[in-house]
Amino acid sequence: MEITRRENKNIVILDINGEIDLYNAPEIKDIIAKLIEEKRYQIIINLEKVSYIDSSGIGALISSLSNLKKYQGGLKIINVAGSVRKVFELTKLTSFFEIFDAEADAVGAFK
């Protein structure tokens, strides 16, 4: 798994490439914890190039969102497709996370 960080209008976007599983899910939590330390509370996670996510990956996203909410922040998810979208739908997390098809829509939702 590779994570690339970029910004759009002061919002941090994490582009994730690869599979999110038990072994690398903690890396996502660590990166978001560091962003919180930097007082960056608006984060978008781009799952466009993620082919697989397991329960530990979902758990990392849930705990990260909970931590961001403590600071009135938010975590939005974009470009969820295929089997990854199926995981979000089966676990009913489509109602827990704000999921967008376009980055511009997610950025706009932070206003």
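Asn 10 sits in the loop between β1 (2-8) and β2, with helices (H or I, at least four residues) and strands (E, at least two) taken as DSSP runs numbered from the N terminus. This is a predicted model, where local features need pLDDT of at least 70, side-chain atom pairs count only at pLDDT 80 or more, and totals for chains, interfaces and linings use all residues. Residues are numbered from 1 along each chain as its sequence is written, and side-chain values use heavy atoms, leaving out hydrogens and water.

**Positive phi in the loops**
- Most residues other than glycine have a negative phi.
- Asn 10 goes the other way, with phi near 70°.
- Asn 10 counts as exposed because its relative accessibility is 60% (buried is under 20% relative accessible area, exposed over 50%, partly exposed in between, with a 1.4 Å probe and protein chains only).
- Asn 79 also has a positive phi, near 55°, and lies in the loop between β4 and α3.
- At 21% relative accessibility, Asn 79 counts as partly exposed.

**Nonpolar cores**
- The largest nonpolar core (buried Ala, Val, Leu, Ile, Met, Phe, Trp, Tyr and Cys joined through side-chain atoms within 4.5 Å) has 26 residues, and those with the most contacts inside it include Ile 32, Leu 61 and Phe 88.
- Elements giving two or more residues to this core are β2 (11-20), α1 (25-37), β3 (42-53), α2 (55-69), β4 (74-78) and α3 (82-90).
- A second, separate core has 8 residues, among them Ile 11, Ile 78, Phe 100 and Val 107.

**Around Phe 88**
- Leaving aside residues up to four places away in sequence, Phe 88 touches (heavy atoms within 4.5 Å) residues including Leu 47, Ile 58, Ile 77, Phe 97 and Ile 99.
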